[in-house]
Amino acid sequence: MEFWSDAERHLVRYSGAGRFVPEIIERAEGSFVFTADGRRLLDFTSGQMSAILGHSHPAVVATVQRQVATLDHLFSGMLSRPVVDLARRLAESLPEPLSKVLLLTTGAESNEAAIRMAKLVTGGHEVISFARSWHGMTQAAANATYSSGRKGYGPATPGNFAIPTPNAYRPDFVGDDGELDWRRQLDFSFELFDAQSVGSLAACIVEPILSSGGVLDLPPGYLGALRDKVHERGGLLILDEAQTGLCRTGDWYAFQRDGVAPDILTLSKTLGAGLPLAAVVTSPEIEQTAHERGFLFFTTHVSDPLVAAVGNTVLDVLESEKLDRRAAELGAHLAAGLHELEQRHAVIGDVRGRGLLVGLELVLDRATRQPADELGAAVTRRCLELGLHMNVVQLPGMGGVFRIAPALTSSFEELDLGVEILDRAIGDVSARSPR
């Protein structure tokens with residue numbers, strides 16, 4: 001077919017595996033994408049974990065049509081009403097002192113700006129992140145990313161440190177009860193850091209729920225203890241809420257569960273509901289110090305009015321439809337359905353997550369928790385054949401973990417359809433697999 005031959009001839013393969021989903025997507029609406037041959041696929045990842053209002057939401061479409069016809073892009077030093085309005089509204093949605101906002105495009109860019117700001121404000125250069133982390137593909141963000149993509153690109157920036165990721169399903173430190181002893185793990189992590197550090201910590205950047213790391217939710221209490229250890233060493237805590245921010249977990253922000261506000265918050269994916277919009281939010285004190293020291297992050301699309309207008313519309317819909325509560329209700333329904341599958345399929349080792357960010361880990365053996373990478377890939381392919389798009393994360397030492405992140409506008413019936421297809425796919429693949 002000409003399309004695929006052109007794709008093979010002209011596209012750079014930008015994922016490590018080099019594979020694209022073998023479907024030509026013509027359009028998308030709500031919770032579904034539609035292929036060139038007329039198939040309808042239920043989108044259980046809401047695009048790249050971003051389209052929280054579903055595809056082609058009428059309010060977003062109307063905003064884009066209106067805004068692109070009046071004010072789309074400006075010189076980066078100019079301001080427009082949508083930009084200031086969005087900054088104010090984000091500040092109003094957050095606890096004090098988070099009230100100073102920088103609007104950018106992607107998650108990597110927002111993390112880049114946050115790390116750059118932290119280094120300038122603290123005078124340090126060292127950055128801590130999790131060994132299962134993913135924060136982006138630009139320089140500082142990539143250097144703080146450990147889940148994949150580090151090999152073959154030369155030396156990383158000096159001063160980057162990985163600490164163990166708390167994983168309740170595969171604990172490395174256990175207490176007398178056999179459960180994850182995250183306090184002992186965290187103490188050990190900083191003993192290692194202190195042994196290697198030159199005393200120049202700038203920041204620790206983490207996700208409240210590691211998505212690419214296998215949908216690993218930080219244990220209650222962990223975030224506060226981590227913040228204290230970072231502050232004791234003179235660093236700032238950066239929370240990357242690219243996927244967890246703006247209602248997906250059942251709260252407006254995932255850190256609200258723990259009552260631990262970061263020094264710097266980064267938002268992206270969900271803020272633009274699929275369009276390229278990101279934000280860095282910090283305190284007036286940190287912003288003032290950064291400004292006095294000449295903070296520079298002057299980019300082509302900083303403070304662009306078109307996507308800022310979309311961000312305001314996203315907030316309108318989240319507020320008017322109370323999608324934080326909706327995500328909590330839908331998430332509980334989805335988790336119940338997946339736990340039912342867990343009872344029927346021995347290859348399901350764990351179901352975890354919060355709200356509408358759920359992980360389902362496949363294993364070959366529940367007792368040993370032996371990883372099942374090939375099984376995960378096969379189930380993904382079978383789901384696609386049956387009309388469900390799924391994403392599986394495969395990391396060393398873990399089983400195939402499905403990242404399930406439907407739109408917050410999904411119906412209960414759509415979630416049930418996804419669970420039904422997944423049930424059939426696991427059954428089909430398990431029946432074919434050698435025992």
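**Exercise 1. Strand β18 and its partners**

In this predicted model, find how strand β17 (residues 391–393) pairs with β18, and in which sense.

*Solution.* Start with the pairing itself: β17 and β18 run antiparallel and share three bridges. For a concrete pair, look at Val392, whose bridge partner in β18 is Phe402. Next, follow the chain from one strand to the other: the two form a hairpin with six residues between them. In that turn, Gly397 has a positive phi of about 85 degrees.

Now turn to another partner of β18. Strand β14 (residues 357–365) pairs with β18 in the antiparallel sense over five bridges. Here Glu361 has Val401 of β18 as its bridge partner.

**Exercise 2. The two sides of β18**

Which residues of β18 point one way, and which the other way?

*Solution.* Begin with the general pattern: side chains of a regular strand alternate between the two faces of the sheet. Then sort the residues. Gly400, Phe402 and Ile404 point one way, while Val401 and Arg403 point the other way. Finally, check how covered they are: five of the five residues in β18 (residues 400–404) are buried.

**Exercise 3. Two helices in contact**

Describe how helix α12 (residues 373–386) packs against helix α13 (residues 412–432).

*Solution.* Two values are needed, since packed helices are described by the angle between their axes and the distance between those axes. For this pair, the angle is about 125 degrees and the axes are 9 Å apart. An angle of 65 to 115 degrees would count as roughly perpendicular, and one over 145 as roughly antiparallel. The helices α12 and α13 are therefore oblique to each other. Their crossing is right-handed.

Now look at who makes the contact. From α12 the residues include Leu375, Val379 and Arg382, and from α13 they include Ile421, Arg424 and Asp428. By class, the contact has ten nonpolar, no polar and three charged residues.

**Exercise 4. A residue of α13**

Is Ser430 buried or exposed?

*Solution.* First locate the residue: Ser430 is in helix α13. Its relative accessible area is 17%. Buried means under 20%, so Ser430 is buried.

**Exercise 5. An open sheet**

Which strands stand at the edges of the sheet β1-β2-β3-β16?

*Solution.* Take the order as your guide: four strands form this open sheet, with mixed pairing. At its edges are β1 (25–29) and β16 (388–389), each with a single partner strand, so one side of each lacks a neighbour in the sheet. Helix α13 packs on this sheet, where it touches β2, β3 and β16. The direction of α13 makes about 105 degrees with that of β3.

Notes
Residues numbered from 1 in each chain as written. Predicted model: local features only at pLDDT ≥ 70, side-chain atom pairs only at ≥ 80, totals over all residues. Heavy atoms only, no water. Axes fitted to C-alpha atoms, helices over the stretch in contact; angles between N-to-C directions. Parallel < 35°, antiparallel > 145°, perpendicular 65-115°, else oblique. Left-handed = near helix turned anticlockwise from the far one by under 90°. Contact = heavy atoms within 4.5 Å. Nonpolar A, V, L, I, M, F, W, Y, C, P; charged D, E, K, R; others polar. Buried < 20%, exposed > 50% of the residue type's maximum accessible area, 1.4 Å probe, protein only. Pairing = 2+ DSSP bridges.
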